[in-house]
Amino acid sequence: METLTGIFQRLWAKGLLRPRKGWIRKHSSSNFDLSKNCAYHSNIQDHEIEECPALRNKIQNMIEKRKIIVQQE
Ligand SMILES: [Zn+2]
């Protein structure tokens with residue numbers, strides 16, 4: 001299985017997926033973890049792209065609709 005990072009970069013290069021812009025965190029900034037960032041969320045969310053539920057859902061959806069093909073190992 002490809003990593004989310006790999007799939008995202010591939011889809012981004014093809015123009016099938018773009019980073020979300022203007023995304024604002026809902027929670028307070030007190031526990032903001034600057035060591036983590038997500039390219040899908042324009043690097044402002046405090047999670048890694050590999051653990052991004054929004055991106056995972058989006059890709060899952062595209063796979064189910066057969067818009068994209070992900071290599072399985
Ligand atoms: Zn994210």
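**Reading a two-helix model**

Visitor: Let's begin with one residue. Is Ser 35 buried or exposed?

Guide: Ser 35 is exposed, because just 6 other C-beta atoms fall within 10 Å, and 12 or fewer counts as exposed. Keep in mind that this is a predicted model.

Visitor: Where does Ser 35 sit, and what is its spacing from His 47 in sequence and in space?

Guide: Ser 35 belongs to the loop between H1 and H2. His 47 is in that loop too. The two are 12 residues apart in sequence, with their C-alpha atoms 8.6 Å apart.

Visitor: Why does His 47 count as partly exposed?

Guide: His 47 has 16 other C-beta atoms within 10 Å, so it is partly exposed. Buried would take 20 or more. Setting aside neighbours within four places in sequence, the contacts of His 47 are Lys 36, Cys 38 and Cys 52.

Visitor: Zooming out, how many helices and strands does the protein have?

Guide: Two helices and zero strands. H1 covers 4–13 and H2 covers 53–64.

Visitor: How do I check that the ends of H2 are as far apart as they should be?

Guide: Take 1.5 Å a residue: the 12 residues of H2 should then span 16 Å, and the C-alpha atoms at its ends are 16 Å apart, so the two agree.

Visitor: And how should I describe a pair of helices?

Guide: Two packed helices are described by the angle between their axes and the distance between those axes. Here the axes of H1 and H2 come within 11 Å and cross at roughly 65 degrees. The crossing is left-handed. H1 makes the contact through Leu 4, Ile 7 and Phe 8, and H2 through Leu 55, Arg 56 and Ile 59. Sorted by class, that is five nonpolar residues, no polar ones and one charged.

Visitor: What makes up the largest nonpolar core?

Guide: The general idea is that in soluble globular proteins, nonpolar side chains tend to be buried together. In this model the largest nonpolar core has 10 residues: Leu 4, Ile 7, Phe 8, Leu 17, Cys 38, Tyr 40, Ile 49, Cys 52, Leu 55 and Ile 59. H1 and H2 are the elements that give it two or more residues, and H1 gives the most, with three.

Visitor: Which residues does Leu 55 contact, leaving aside its neighbours within four places in sequence?

Guide: Leu 55 touches Leu 4, Phe 8, Tyr 40 and Ile 49.

Visitor: How much of the protein counts as buried?

Guide: 15% of its 73 residues. As for how far contacts reach along the chain, take those between residues at least 6 apart in sequence: 39% of them join residues at least 24 apart.

Visitor: What should I look at just after H2?

Guide: Backbone phi. Most residues other than glycine have a negative phi. Arg 66, however, takes a positive phi of about 60 degrees, though it is not a glycine. Arg 66 lies in the segment after H2. With 7 other C-beta atoms within 10 Å, Arg 66 is exposed.

Visitor: How does Val 70 fare for exposure, and where is it found?

Guide: Val 70 is in the segment after H2 as well. Val 70 has 13 other C-beta atoms within 10 Å, so it is partly exposed; 12 or fewer would have made it exposed. Val 70 and Thr 3 are 67 residues apart along the chain, yet their C-alpha atoms are separated by 9.9 Å.

How values were computed:
Residues numbered from 1 in each chain as written. Predicted model: local features only at pLDDT ≥ 70, side-chain atom pairs only at ≥ 80, totals over all residues. Core = buried A, V, L, I, M, F, W, Y, C linked by C-beta atoms within 7 Å. Helix = DSSP H or I, 4+ residues; strand = E, 2+ residues; numbered from the N terminus. Contact = placed C-beta atoms within 7 Å. Expected span 1.5 Å × (residues − 1). Axes fitted to C-alpha atoms, helices over the stretch in contact; angles between N-to-C directions. Left-handed = near helix turned anticlockwise from the far one by under 90°. Nonpolar A, V, L, I, M, F, W, Y, C, P; charged D, E, K, R; others polar.
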